[in-house]
Amino acid sequence: MSIYSMLKAALRAQGWILARVPEDDELHAAELVDLLTEDNADGRARRFALASWLTFERPVIARFLGETCILTIEGPIYLKDGFGYPLGSQMQTEFGWLALAPVETGQLIDELRAAIDLVLMRWFTDPAMVPRQTSSRQPRERFFDDHLARTQIRLATPPVRHEEQAADDQ
């Protein structure tokens, strides 16, 4: 075992990580680590979102989550004749699992993206949504927007008293 491996294992046992990052990615990697290690609801949400990406042998490059089905796209992407092909995918349903080949995965991705576009455009073009449309992404003012979102959730759901909600109300 190299000194690097021993040092890395010793640091990991104490809750620290030691990793080499490509020079161009240093700032992004440091920012990502900071965001993942926040000791608050944001950090927990980021860690939860990332956890399922760590359970596959190949790098997960995309996930499509339905009510009862999940499609996990495995990478990396290989280019051939101007087209990108993932190495494959794993489909999980209530009935079991199905492994798809690269070309099958590409075809399924195309279908899913078309369906997503159809639903999103239906919402975007709904007359009730037109006044809220903008030409660019609107940044979130976390203090105000999070408070507004919690208020909207409370108004849309029946009153149920939980300890977590009680803490929010104080």
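**From Phe144 through the pocket to helix H4**

With a relative accessibility of 58%, Phe144 counts as exposed, since the threshold for that class is over 50%. The model in which this residue is seen is a predicted one, and the values that follow should be read with that in mind. Phe144 is found in helix H5, and its C-alpha atom is separated by 37 Å from that of Ala19, a residue 125 positions away along the chain.

Phe144 also takes part in an aromatic pair. The structure holds 2 aromatic pairs. In the pair formed by Phe143 and Phe144, the ring centres are 5.2 Å apart and the planes stand at 85°, so the arrangement is edge-to-face, given that an angle over 60 degrees is what places a pair in that class. Both partners, Phe143 as well as Phe144, are exposed.

Helix H5 leads on to the largest pocket, which has a volume of about 510 Å³. The elements that contribute two or more residues to the lining of this pocket are H4 and helix H5, the latter covering residues 142-156, and H5 gives the most, with 5 residues. In total 14 residues line the pocket, and those lying nearest its centre are Met129, Arg132, Gln133, Gln138 and Arg140. Sorted by class, the lining of the largest pocket comprises 6 nonpolar, 4 polar and 4 charged residues.

The other helix of that lining, H4, can be checked for its length. Helix H4 runs over residues 102-124, and at 1.5 Å a residue its 23 residues should span 33 Å; the C-alpha atoms at its ends are 32 Å apart, which agrees with that expectation. The buried residues of H4 are Thr105, Gly106 and Ile109, and what covers them includes four strands, namely S1 (60-65), S2 (70-74), S5 (88-93) and S6 (96-100).

Strand S5 brings the reader to Leu87, which is placed in the loop between strand S4 (83-85) and S5. Is Leu87 buried, exposed or partly exposed? At 28% relative accessibility, Leu87 counts as partly exposed, because the value falls between the limit for buried residues, under 20%, and that for exposed ones, over 50%. Setting aside residues up to four places away in sequence, Leu87 touches Arg58, Glu74, Gly75, Pro76, Tyr78 and Pro102. Among these partners is Gly75, which lies 12 residues from Leu87 along the chain, with a separation of 5.2 Å between the two C-alpha atoms.

Note on methods. Residues numbered from 1 in each chain as written. Predicted model: local features only at pLDDT ≥ 70, side-chain atom pairs only at ≥ 80, totals over all residues. Heavy atoms only, no water. Expected span 1.5 Å × (residues − 1). Buried < 20%, exposed > 50% of the residue type's maximum accessible area, 1.4 Å probe, protein only. Contact = heavy atoms within 4.5 Å. Phe/Tyr/Trp six-rings, centres within 6.5 Å; stacked < 30°, edge-to-face > 60°. 1 Å grid on protein atoms, 1.4 Å probe; cavity = no way out; pocket = protein on both sides within 12 Å on 5 of 7 lines; lining within 4 Å. Points joined across faces, edges and corners; volume = space filled by probe spheres on them. Nonpolar A, V, L, I, M, F, W, Y, C, P; charged D, E, K, R; others polar.
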